[in-house]
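Let's take a walk through this one, pockets to begin with, then rings, then strands. Have the viewer open as you read.

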Amino acid sequence: MDTLSYKTLSATPATIEKKWVVIDATDQVLGRLCSKVAKILRGKNKPDFTPNLDCGDNVIIINADKVVMTADKMNTREYLRYTGYPGGQRAFNPASLMEKSKKKTIKAGYHPLYVKVVKGMLPKTRLGAAQLRNMYVYNSAEHPFGDKNPIVIDINKIK
């Protein structure tokens, strides 16, 4: 067999197929769930993964408020942000972000805790920002994307 005839196939914008995926977060550990979601958003679970293109799927996470964290990390873990002014370092914990997600002023499909966690697992480029916009998180079991015919995935079966 001629080994020079093998060609590496890379995805192109015309050949990319983006599916809609629903993931139930009930009783899932936050970090493990989000690492699998980041793989799906990047497209690393597909055979035609191309690192410089957005070839991942659109992910809908339902029952986001039923996620768990091991030990007491929900109250003791601290995330930091900086306002840009002297003395402007702010600390917050995952429990406060969960409460913030239940406010009416937060945009539908946006969950600050999941965005914070998944954003750290994606590339720190415009491509990573575009892939993060393909994630929609809802605290209840209802979502407005029923017309997209999303596929329900058992997250425990994904490596």
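How many nonpolar, polar and charged residues does the lining of the second largest pocket have? Sorted by class, that lining has 5 nonpolar residues, no polar ones and 4 charged ones. Keep in mind throughout that this is a predicted model.

## The overall picture

The protein chain has 159 residues, and buried ones make up 38% of them. Its secondary structure comes to 5 helices and 6 strands. Reading from the N terminus, the elements go β-α-β-α-β-β-α-α-α-β-β. Put a box around the C-alpha atoms along the principal axes and you get roughly 65 × 40 × 30 Å.

## The second largest pocket

Back to the pocket from the opening question. About 180 Å³ of space lies in the second largest pocket. Its lining is made up of Arg81, Phe92, Leu97, Lys100, Tyr110, Pro112, Val115, Lys116 and Lys119. Two elements give two or more residues each to this lining, namely helix 3 (94-101) and helix 4. Helix 4 gives the most, with 4 residues.

## The largest pocket

The largest pocket holds about 320 Å³ of space. A set of 18 residues lines the largest pocket, and the closest to its centre are Tyr110, Val115, Ala129, Leu132 and Arg133. Tyr110 and Val115 also turn up in the lining of the second largest pocket.

Helix 4 (112-119), helix 5 (126-132) and strand 5 (135-137) are the elements that give two or more residues to the lining of the largest pocket. By class, this lining has 10 nonpolar, 4 polar and 4 charged residues.

## Aromatic rings

Ring pairs are next. A pair of aromatic rings is described by the distance of the centres and the angle of the planes. The count here comes to 4 aromatic pairs. In one of them, Trp20 and Tyr136 have ring centres 5.8 Å apart with planes at 20°, and the pair is stacked because that angle is under the 30 degrees cut-off. This pair links distant parts of the chain, with Trp20 in strand 1 (residues 20-24) and Tyr136 in strand 5, 116 residues apart. Trp20 counts as buried at 15% relative accessibility, while Tyr136, at 22%, counts as partly exposed. Why do the two get those labels? The cut-off for buried is under 20% relative accessible area, so Trp20 at 15% makes it and Tyr136 at 22% doesn't.

Another pair is formed by Tyr79 and Phe92, which is tilted, with 6.1 Å centre to centre and 50° between the planes. Tyr79 belongs to strand 3 (residues 79-82) and Phe92 to strand 4 (residues 89-92), 13 residues apart. Tyr79 counts as buried, at 14% relative accessibility. Phe92 is also one of the residues lining the second largest pocket. As for clusters, Trp20, Tyr136 and Phe145 form one.

## The open sheet

In what order do the 4 strands of the open sheet come? The order is 5-2-1-6, and the pairing is parallel. Strand 5 and strand 6 (151-153) stand at the edges with a single partner strand each, so one side of each has no neighbour in the sheet. On average, and ignoring direction, neighbouring strands of this sheet are turned by 25° against each other.

Strand 1 and strand 6 run parallel and are joined by 3 bridges. If you want to look at a bridge in the viewer, Val21 has Ile151 in strand 6 as its partner.

## The hairpin

Strand 3 and strand 4 run antiparallel, with 4 bridges joining them. Arg81 stands opposite Arg90 in strand 4, and Arg81 is also among the residues lining the second largest pocket. The hairpin of these strands has 6 residues between them, and Gly84 takes a positive phi near 105° there.

## A look at Ser35

Last stop is a residue in helix 1 (residues 30-42), Ser35. Is Ser35 buried or exposed? Neither label fits, as Ser35 counts as partly exposed at 30% relative accessibility. Its C-alpha atom is separated by 18 Å from that of Arg77, which is 42 residues apart from Ser35 along the chain.

Notes: Residues numbered from 1 in each chain as written. Predicted model: local features only at pLDDT ≥ 70, side-chain atom pairs only at ≥ 80, totals over all residues. Heavy atoms only, no water. 1 Å grid on protein atoms, 1.4 Å probe; cavity = no way out; pocket = protein on both sides within 12 Å on 5 of 7 lines; lining within 4 Å. Points joined across faces, edges and corners; volume = space filled by probe spheres on them. Nonpolar A, V, L, I, M, F, W, Y, C, P; charged D, E, K, R; others polar. Phe/Tyr/Trp six-rings, centres within 6.5 Å; stacked < 30°, edge-to-face > 60°. Buried < 20%, exposed > 50% of the residue type's maximum accessible area, 1.4 Å probe, protein only. Pairing = 2+ DSSP bridges. Axes fitted to C-alpha atoms, helices over the stretch in contact; angles between N-to-C directions.
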